[in-house]
Amino acid sequence: MMWSNATSASGAAMPTGLGWFVQNYNGQRLYWQFGSTPGAYSSLLLKVPGKNLTLILLANSDGLSAPFALQEGDVNASLFARAFLRLFVVEDFFSS
């Protein structure tokens, strides 16, 4: 249940499982979480199980999370996550 999208009382899919955000990117399932304490520190953890990849970012500022509205449920809002996904989670051009 942690890795599956929860549903609201009305039956609509929510962007989270149990404690983790869950979404897709280029056909890959993403599980991610973030944390932030204003003016203090922040974190971003992004798992791509289909590629056996995990990104862990920790900062001594709120700059990893605060500017990107991650609470809305889209990790693509983060410049750091977008760069990671573009570099490491791309279509396999050499497999065809």
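Trainee: In this predicted model, which residue of E2 does Asn 24 stand opposite?

Mentor: Asn 24 has Arg 29 of E2 opposite it, and the two strands concerned, E1 (residues 21-25) and E2 (residues 28-37), pair in the antiparallel sense.

Trainee: What makes E1 and E2 a pair of strands?

Mentor: Pairing requires at least two bridges between the strands, and E1 and E2 have five bridges, so the requirement is met. They form a hairpin with two residues between them, and Asn 26 in the turn has a positive phi of about 45°.

Trainee: Why is E1 called largely enclosed by the rest of the structure?

Mentor: Four of its five residues are buried, and E1 is therefore described as largely enclosed.

Trainee: Why is Ser 65 called buried?

Mentor: The relative accessible area of Ser 65 is 4%, and buried means under 20%, so Ser 65 falls within that class. Ser 65 lies in the loop between E4 and helix H1 (79-88).

Trainee: How do you know that the side chain of Ser 65 makes a polar contact with the backbone oxygen of Gly 35?

Mentor: A polar atom of that side chain lies 3.1 Å from the backbone oxygen of Gly 35, and because the cut-off is within 3.5 Å, the distance satisfies it. The Ser 65 side chain also reaches the backbone oxygen of Ser 43, at 3.3 Å.

Trainee: Which residues does Ala 59 contact, leaving aside its neighbours within four places in sequence?

Mentor: Ala 59, found in strand E4 (residues 53-59), is in contact with Tyr 41, Ser 42 and Leu 64.

Technical notes. Residues are numbered from 1 along each chain as its sequence is written. This is a predicted model: local features need pLDDT of at least 70, side-chain atom pairs count only at pLDDT 80 or more; totals for chains, interfaces and linings use all residues. Side-chain values use heavy atoms; hydrogens and water are left out. Contact means heavy atoms within 4.5 Å. Buried means under 20% relative accessible area, exposed over 50%, partly exposed in between (1.4 Å probe, protein chains only). A polar contact is a pair of N or O atoms within 3.5 Å; within protein, one must be able to donate a hydrogen and the other to accept it, and residues adjacent in sequence count only if both atoms are side-chain atoms.
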